[in-house]
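Colleague: I would like to go through this model with you, one point at a time. Please give the reasoning before each value or name.

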Amino acid sequence: MRHLTILLVLISAGLSAQVGGISVYEFLNLPNSATVAAMGGHHIALMDDDLSLAARNPSLLNERMHQRAAISHAFHPAGISNSYLGYGHHHDRLGLTFQGGLQFTNYGGDLVRRDPTGQAQGTFSASDFALTVGAARQFEGRLSVGANLKLISSQLAGYGSFGIGADLAVHYVDTSGLFGISLLARNAGRQLGQYDATTGREPMPFELQLGINKELRYLPFRFSLIYRYLDRWNILFDDPEGENNSLFLAFGEEETTRGAGAIFLDNLARHLVFNGELLIGKSRNLRLRFGYNHGMQRELRLRDFRSGAGYSFGFAFRTKRFSIAYGRTTYHIGGGVNQLGLDFSFAKR
């Protein structure tokens, strides 16, 4: 029963808890890499040689990802895991950079099936996967346009579903190379086969995002700000029994009824994800990372306890040939999710 409870929480919450439960294939919103996990679950406006970032934003594909492979694994509670494997290739004659990737989520070992009275009725398994192919082209070294195509399959307790999705994105970097901006449409598409043939098609977890990335000129630090759900404004969860609903509540401060201004600011802040990265060393090999996702913090907080939900951190050590990364995301006061990533280059230098 414990396994099933965690399974349902992950499916409905993922990293889109504020609008969770209204779409199918929510596993697509789980971080696909340790880098993304450490940066608040969303990192869409930085173009470098990190192939895992292009799995979310295909316009970040570039020739530095040529013959580069990336693998990542997240260790969720109760044996649940989320893994990603990707490979990039640049074609000089076509001027295109391609990628292929596989995201796979397994919800633990055998899960116990129970009837309404709680009696065991055997076991079942559950898993999801998405196979992705993508390509991007750069124009004048400043503008990049990319697209991903996804084949999606989900198997839950003997019920199966199949869908197709796409990511469309554009990225621009200024002449200094220190500022980048991305516009991303994620998970457009449709469910082709339902879990139950008697029900209608469920909506995809579509999301329109805008992100900026800025590196400081005289300090080895860069930060990103991502605005989620450009396609919808109200992402508040209406909880009639909710407490501690003010945007910022100091220790010892008593709850008061929120006004229209506080509600507006709370809803606005839930759209935002902020992250930063400190680059250490002459070659900037060591990178310390942190992120804050306000929407996640508000939806996954506890009423009577303060937790680290919505906060994340990690690090990476990178060289020209390989990198190793670690990210930790906190979902609950009881603990967080650790994610490890490795990428390496096969290209001759």
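Colleague: Through how many residues does a hairpin join β14 to β15?

Modeller: This is a predicted model, and in it β14 and strand β15 (residues 322-332) run antiparallel, joined by seven bridges. One of the pairings sets F313 opposite R328 in β15. The hairpin that connects β14 to β15 has a length of three residues.

Colleague: Which residues of β14 point to one face and are buried?

Modeller: Strand β14 (residues 311-318) has side chains that alternate along its length, with Y311, F313, F315 and F317 pointing to a face where they are not buried. Y311 is also the bridge partner of Y292, within the antiparallel pairing of strand β13 (residues 286-293) and β14 over seven bridges. The buried side chains, which point to the other face, are those of S312, G314, A316 and R318.

Colleague: With which residue does D49 form a salt bridge, and is that partner buried or exposed?

Modeller: The closest N and O atoms of the salt bridge between D49 and R318 are 2.8 Å apart. D49 lies in the loop between α2 and α3 and R318 in strand β14, so the pair ties together parts that are 269 residues apart in sequence. D49 has a relative accessible area of 17% and is therefore buried, the limit being under 20%. The partner of D49 is R318, which at 5% relative accessibility counts as buried.

Colleague: How many residues apart in sequence are D48 and R287, whose side chains meet in a salt bridge?

Modeller: The salt bridge between the side chains of D48 and R287 has an N to O distance of 3.8 Å. D48 is in the loop between α2 and α3 and R287 in strand β13, so this pair links distant parts of the chain. D48 counts as buried at 9% relative accessibility, and R287 counts as buried at 11%. The separation of D48 and R287 is 239 residues.

Colleague: Which residues are linked with D48 in a network of salt bridges?

Modeller: Besides its salt bridge with R287, D48 forms one with R222, where the closest N and O atoms are 3.8 Å apart. Both R222 and D48 are buried. The residues linked with D48 in the network are E215, R222, E277, R284, R287 and R289.

Colleague: How many charged residues are in the lining of the second largest pocket?

Modeller: The second largest pocket holds about 690 Å³ of space, and among its 30 lining residues M47, D48, D49, R64 and R287 lie nearest its centre. The lining divides into seven nonpolar residues, ten polar and, as the number asked for, 13 charged.

Notes
Residues numbered from 1 in each chain as written. Predicted model: local features only at pLDDT ≥ 70, side-chain atom pairs only at ≥ 80, totals over all residues. Heavy atoms only, no water. 1 Å grid on protein atoms, 1.4 Å probe; cavity = no way out; pocket = protein on both sides within 12 Å on 5 of 7 lines; lining within 4 Å. Points joined across faces, edges and corners; volume = space filled by probe spheres on them. Nonpolar A, V, L, I, M, F, W, Y, C, P; charged D, E, K, R; others polar. Buried < 20%, exposed > 50% of the residue type's maximum accessible area, 1.4 Å probe, protein only. Helix = DSSP H or I, 4+ residues; strand = E, 2+ residues; numbered from the N terminus. Pairing = 2+ DSSP bridges. Salt bridge = Lys/Arg side-chain N within 4 Å of Asp/Glu carboxyl O.
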